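This briefing walks through one structure, moving from the overall fold to a single helix, a single residue and a pocket. Please keep the sequence and the model in view while reading.

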Amino acid sequence: LILQFRRAYRRNDKTVCLTTSRFVAHLVNQQVAHEILALEILTLLLHKPTDDSVEVAIGFLKECGMKLTEVSPRGVHAVFERLRSILHSGEIERRVEYMIEVMFAVRKDGFKDHVTIPEGLDLVEEEDQITHLLRLEEAGNAEEILNIFKFDENFLENEEKYKEIKQEILGEDDSDESSEDDDDDEDVSEEEGEGSQEREDSEMDIIDQTETNLVALRRTIYLTIQSR
């Protein structure tokens with residue numbers, strides 16, 4: 001994700017920068033990524049400000065500003081001082097200047113409309129959380145080879161290893177899997193029963209009680225006699 005952001009930043013791809021930075025912001029909010037990464041991204045975006053880089057920085061700051069204010073108030077203060085300097089320089093568009101002014105208003109309100117973790121997403125206990133210290137300029141391996149399909153000759157063996165690891169992490173047991181299999185079998189049997197019932201219904205003879213065919217036959221005979 002960091003490599004993707006850096007690549008998009010070098011290519012001036014604002015759309016990808018916005019999406020990847022927003023993802024990183026939520027990782028910081030969830031304490032998956034360290035706040036140092038967020039401050040490094042903001043420093044990079046505001047070092048040589050352009051209309052697009054300032055817009056990306058503001059969008060990023062809205063997402064994780066509340067969290068950064070809690071864990072690094074001095075860092076957030078430095079970021080806003082940099083935004084104030086950019087605003088007074090007059091080197092950016094009026095539209096972006098207005099976005100900076102709105103950002104100061106958001107900070108004044110305590111980011112109340114941009115909470116750190118939305119309700120319902122605080123799923124991991126604090127003692128179980130692991131924060132990864134990743135740096136923006138660290139060389140990383142994107143492992144692009146994982147995007148290429150490679151046939152696994154030991155698929156069944158590796159699948160069993162995966163099930164063991166899954167059971168160890170999630171605490172699932174064979175009874176859960178067997179119950180799921182039973183449910184699947186019941187669903188299949190119900191579908192088969194419905195299918196056989198539909199076939200029986202389709203094979204059933206349909207008797208016309210309205211005598212439509214008889215009336216049509218009588219009309220045909222009558223018209224034939226009249227034509228003679």
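**Overall architecture**

The chain contains nine helices and zero strands, in a model that is predicted. Followed along the sequence, the pattern reads α-α-α-α-α-α-α-α-α. The points below take up the chain as a whole, then helix α3, Cys-17 and the second largest pocket.

**Chain-level values**

- Of the 228 residues in the chain, 24% are buried.
- Among contacts in the chain with a separation of 6 or more, 68% are accounted for by residues 24 or more positions apart.
- The accessible surface of the chain amounts to about 17200 Å², and carbon and sulfur atoms hold 50% of that surface.

**Helix α3**

- Helix α3 covers residues 35–47, which is 13 residues, and from its first C-alpha to its last it reaches 18 Å, close to the 18 Å expected at 1.5 Å a residue.
- The buried residues of α3 are Leu-37, Ala-38, Leu-39, Glu-40, Ile-41, Leu-42, Leu-45 and Leu-46, so that a charged residue, Glu-40, stands in this list beside nonpolar ones.
- The cover over these buried residues includes α1, α2, α4 and α5, the last of which spans residues 73–89.

**Cys-17 in helix α2**

- Cys-17 lies in helix α2 and has a relative accessible area of 5%, which means that it is buried, since the cut-off for that term is under 20%.
- Once neighbours within four places in sequence are left aside, the contacts of Cys-17 are Phe-5, Ala-8, Tyr-9 and Val-56.
- Cys-17 and Ala-57 are separated by 40 residues in sequence, while their C-alpha atoms are 9.5 Å apart in space.

**The second largest pocket**

- The volume of the second largest pocket is about 160 Å³, and the elements that give two or more residues to its lining are α1 (2–10), α2 (14–29) and α4 (51–71).
- Of the elements, α4 gives the most to this lining, with three residues.
- The lining is made up of Ala-8, Tyr-9, Asn-12, Asp-13, Lys-14, Cys-17, Leu-45, Lys-48, Thr-50, Asp-52, Ser-53 and Val-56.
- By class, the residues of the lining divide into five nonpolar, three polar and four charged.
- Several residues named earlier return here: Cys-17 is one of the lining residues, and its contacts Ala-8, Tyr-9 and Val-56 also line the pocket.
- Leu-45, one of the buried residues of α3, likewise belongs to the lining of the second largest pocket.

Conventions
Residues numbered from 1 in each chain as written. Predicted model: local features only at pLDDT ≥ 70, side-chain atom pairs only at ≥ 80, totals over all residues. Heavy atoms only, no water. 1 Å grid on protein atoms, 1.4 Å probe; cavity = no way out; pocket = protein on both sides within 12 Å on 5 of 7 lines; lining within 4 Å. Points joined across faces, edges and corners; volume = space filled by probe spheres on them. Helix = DSSP H or I, 4+ residues; strand = E, 2+ residues; numbered from the N terminus. Buried < 20%, exposed > 50% of the residue type's maximum accessible area, 1.4 Å probe, protein only. Contact = heavy atoms within 4.5 Å. Areas by Shrake-Rupley, 256 points an atom, 1.4 Å probe, with all protein chains shown as cover. Expected span 1.5 Å × (residues − 1).
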